[in-house]
Structure formats: structure tokens, C-alpha cells
Amino acid sequence: MRYTSQYKQLSLDLFKSSFDDLDKHNRWVALADIMPWAEIERLYNSRLENQYMGAGNKPARMIIGACIIKHKFNLSDEETIEMIRENPYMQYLCGLTEFTDIPIFDPSLFVTIRKRISIDEINEMTNALLKKQEETNDKQQNSNNEESRGDNTNQSSFKSDEDSEFVDSKGEMHKGILKMDATCADAEVRYPVDVDIIHDGCKVVDRYVAHICKVLSIGRIKTSYKDVRRWYLELVKRKKKGGKFVRETIACMLSSLQKDLRRITELFVEHTMSKELLMPHEQRILSAVFDMYYQQHTMFATGVHAIPNRIVSIFQPHIRPIVRGKAKAKVEFGAKIGVAICEGYAFIDHHSWEAYNESADLKLHIQKYKERFGFLPAVILADKIYMNKENRKYLKEQEIKTYCKPLGRPPKQQDPQILAKMAKAVGERNEVECSFGTGKRIYRANNIRAKLPNTAKCWTGMCYFVKNVMKFLRELCLYFYQRLLLFLCYMADKAYLCFLFNLKLKLFQ
């Protein structure tokens, strides 16, 4: 290290030192030391072909570490790189060996990462965390000769029952508890209003026409956007908007949008290959404008407010309205995801931009559970929407137990033990709702800011993966704390025995 005078600023060479002296109790250092980086590296590199072509990729520890920091603090791509550049503990998590003020990579690489990582790979990384925790728990059981922690989610009140682990009549092994439910991962879009969407379409067409005319060096083709803008502002500035006035405004805006779409179509016909002057994402947006106009014109002509595959944002045309029926918002806009909870870790087994009935996910969750752990679940905890006749029949065939209300008229006398198990099952299933609340309130899984379908899917998976990482850190830190506590108790008992031995010697002297 090199110091300067006390009246001058210290040189940055002072900070460029090794990370060997970092505090081992820091959360980022502890997380970096216990993460299964070898398995994560294998999973991350499984889709790459750098051994055959192209340059080498960034290490998986650097990429996944940066994603953990990003979603832990809900940062943008640029702010994430800046925070890592300023924090030595975060650089240690990302695999650096000494402090540096150089960015670890360009923020635009996050987009490539989100295109590369799929939800299946994120689930496999979560499974690697779960296996690492089970190995640690096994070591703790062998050293202490005791059962695992009582608050382990898969070893809940059902752990004491004989139903938690058994072999069925077909010879299949059943073990553990599977909890499942579905929710919506809200995208960051403006609440869809017809006049707003039509105004956006007119604005986009006007911008693209101006760009094409400028590149082709031809006269600017006049559009109707100024008139549409005037009608739009006149409507939105009104404190009270009558239905008749809204309908008249929509009719004028749709007529102007139709003229502008005809103008840009004629421009593509007159000037061959002029459509290629638009970027690929601009062509997708323009295609969404054509589809949006057809939908809005159909709803206006028929006097309805619903249409299949309705576009709620021309910039994200893949987003669909998801009817949830919640008190806060009856309709949400984003992707619907089916989540399975295994030992407190969340796995996203189904991700869909279309609304669907989550009862169809039950078989999928069970199949994924068997692929991950090699055996079927012993108990299923799910909402009543999953317990239709078809699913009940499937669970009976697979001999999987579930503590739900039976179909038909209830009997006059019910077994108190069955009622107690049903009451416990309701409380145990609430863990899924708690997981959704934590994922949305803490890790912002209800504010997906990625624009493309595949990048938004990765964003959603990373929100729940970082939640699983933080649970993994808490569990492992608690394990080391218990080890330290046992060591202190051992030393205290040893000191107490030495005290009694010395006291006995003094008494008999």
C-alpha cells in the first residue's frame, strides 16, 4: 500500500488489496463461501458452445452473483454494476480476488443473460441449493444425533405422521410434502384504456413514417397525429367524461389511425424494402398496432369490451389480462405462474402469458417433483380449485394423500383426527401465500420491467431464485450458529467438570 500526506487525498492504490482480510461474518462473504458454485457453473455453461466456437464467457459466479445483487436491492442494470464497482464485499461474491474500480462487465450484458437463462435452469440451481442444505442437515444430524430443525418447512407437523414417508402398493417411494398455488407476475405497464392505446398507436405510426421519409430523402408524408393528439388531450383533461363524448372521441381516433396505417402501407408498397429500414423490434410494434386497430374497431362496432387475445400494450403485445378476482385488483396484467414449494424453496413449474385454470398444473407439479427428487410426494397441500374430480382420481391412483374437504354431503359424524389434519393442512398451505407475498413485496416479482417475453420470464424466475438464495443463507448461517452454540456448551460443561474436580480435591486434602 502507498500512503500520501495527510493534507492530500489517499491514492486508490490503498484499496487495491487482496480480499483475504475481509470480514468472514459479512453476509456477502458468507454467501460466497457456501454457494454451490461448481454446480451453478455446470448449469450455466450447459447451453453455451464456447468449447467449439466463439470467445469465452464470463464466469457463472460473476453473472449469478450480479443477478443476486440486482434483485436483492431492486436495482437497474446500470446501478447494479455501479454498486458492485464500489463495494469490495460484492466483488468477492462475484468471484474477484482483489478490489478494482473497473466495472466487471457492461450493463447491456444483463439483456443477453436474461435471454440465455431459462426458468428450467433457474429451478435446477434452486435444486442445487436444496441439496446443499440437505447435506448440511445430514452432517448436523450425524454430529448431534438429533432430528433436523423443527421449523424446516417440509418437516412440519406432518413429519411426525407415518404418512410423510411410505412405499405404496406399486413399490413407489413417497416422501415429503408438496405445496402448490398460482399467482400473477405483474408487468410494468400502464393501465390499459382504449383511448391511451389508440393514441400510442397513432404516435408510433407517425414516428415510423417520419423516420422512413427521412432515410429515403423524400417529402414528409402528413399524418393525422396532431388531430389525434388534440382530441386525446381534450378528453383526458376533462374532469367528468361522458360516455357519449368518449365514444365520439374513440370513433375519430380510430378513423385517423386507419388513414395512417393505410399511408404507411402505401409507403411500403411504393418504396420496396422500405420496411427493412425499421428495426426488428419496431416491426413487431408496428404489427401489434395493426392487430390492436382490428381489435379496437371490432369492439367499437359490436359494442363490447372484451375480445380474445386482447392487446393491452402495443410495446408488450404478449401481455394479457389475468382475471384473479382479488379485492385490490380484480384483473392483473402479466404472466400467470404455477409455483411449487418444496422444503420452503419455490420452483416455477409453469409460466404462461395466457390465462388458464391452475387445476391443470397438479399433474405437472407432481411430475416435476419426481424428476427433481426421484420419488413422489407423500402429501399434497393445495387450494380447493385443484381438487376437482379428475385430480382427485389421479391422486387416488398415485396413492398420494391430501387433507382436503371431501366432495358431496358431509357425514353426520366426522373423525376428529381427520378434522385436525384438515385444519393443520390449511395452516401449512399458507406458506405458499407467504412466499408470494415475500416475492412480490421484497423482491418485486409484481413489477417485471423486462420488455421481451423470454427476458421477462427470466426476470420472474430470478426474483424467486434470489428469494431462495436468501433462505439458503439464513439456513446455513443458523447451522453454523448452532455449531458454535454446541461448542460453547461443550466448553462450559468441560469447565464446570474441571471446577467440580478441583473442588473435590480441596475437600479431601
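Here is a walk through the structure above, from the whole chain down to single residues.

Keep in mind that this is a predicted model, where local features need pLDDT of at least 70, side-chain atom pairs count only at pLDDT 80 or more, and totals for chains, interfaces and linings use all residues. Residues are numbered from 1 along each chain as its sequence is written, and side-chain values use heavy atoms, with hydrogens and water left out.

Let's start with the overall picture. The protein chain has 15 helices and 8 strands; these are DSSP runs numbered from the N terminus, with helices being H or I of at least four residues and strands being E of at least two. Of the 509 residues, 45% are buried. Here, buried means under 20% relative accessible area, exposed means over 50%, and partly exposed is in between, using a 1.4 Å probe and protein chains only. The accessible surface of the chain is about 28,700 Å², and carbon and sulfur atoms account for 54% of that. Those areas come from the Shrake-Rupley method with a 1.4 Å probe, and for residues only the protein chains shown count as cover. As for contacts (heavy atoms within 4.5 Å), take the ones between residues at least 6 apart in sequence: 68% of them join residues at least 24 apart.

A good place to zoom in is helix H3, which covers residues 60-73. Ile-69 sits in this helix and is buried because its relative accessible area is 0%. Leaving out neighbours within four places in sequence, Ile-69 has contacts that include Trp-28, Leu-75, Met-83 and Leu-93. Ile-69 also lies 8.6 Å from Val-466, C-alpha to C-alpha, although the two are 397 residues apart in sequence. His-71 belongs to H3 as well, and its 6% relative accessibility makes it buried. Setting aside residues up to four places away in sequence, His-71 touches Tyr-443, Trp-459, Met-462, Cys-463 and Val-466. So Val-466 turns up again, as a contact of His-71.

Just past this helix comes Asn-74, in the loop between H3 and H4. Its phi is near 55 degrees, a positive value in a residue other than glycine, and Asn-74 counts as partly exposed at 29% relative accessibility. Arg-444 has a positive phi too, about 60 degrees, and is not a glycine either. You'll find Arg-444 in the loop between H14 and helix H15 (453-507), partly exposed at 34%.

Now for the charges. A salt bridge here is a side-chain nitrogen of Lys or Arg within 4 Å of a carboxyl oxygen of Asp or Glu, and by this rule there are 19. One of them pairs Arg-85 with Glu-82, with the closest N and O atoms 2.8 Å apart. These two are 3 residues apart in helix H4 (residues 77-86), which means about one helical turn separates them. Arg-85 is partly exposed at 25%, and Glu-82 is partly exposed at 35%.

Lys-179 tells another story. Glu-428 forms a salt bridge with Lys-179, the closest N and O atoms being 3.5 Å apart. Glu-428 lies in helix H14 (residues 416-441) and Lys-179 in strand E3 (residues 177-186), so this pair ties together parts that are 249 residues apart in sequence. Glu-431 forms a salt bridge with Lys-179 as well, with closest N and O atoms 2.5 Å apart. This second pair also links H14 to E3, across 252 residues. What about burial? Glu-428 is buried at 18%, Lys-179 is buried at 3%, and Glu-431 is buried too. Elsewhere, Lys-70, Asp-77 and Arg-114 are linked in a network of salt bridges.

Two last stops remain. Thr-126, in helix H7 (residues 119-144), is buried at 1% relative accessibility. Apart from neighbours within four places in sequence, Thr-126 is in contact with Tyr-345, Ala-346, Phe-347, Phe-465 and Asn-468. By contrast, Arg-229 in helix H9 (residues 225-236) is partly exposed at 32%. Arg-229 helps form a positive surface patch together with Lys-203, Arg-207 and Lys-237. Patches are made of residues with over 30% relative accessible area and no salt bridge, with like charges joined within 9 Å and nonpolar side chains (Val, Leu, Ile, Met, Phe, Trp, Tyr) within 5 Å. Lys and Arg count as positive and Asp and Glu as negative, while His and the chain ends are not counted. The place of a charge is taken as NZ of Lys, CZ of Arg, CG of Asp or CD of Glu.
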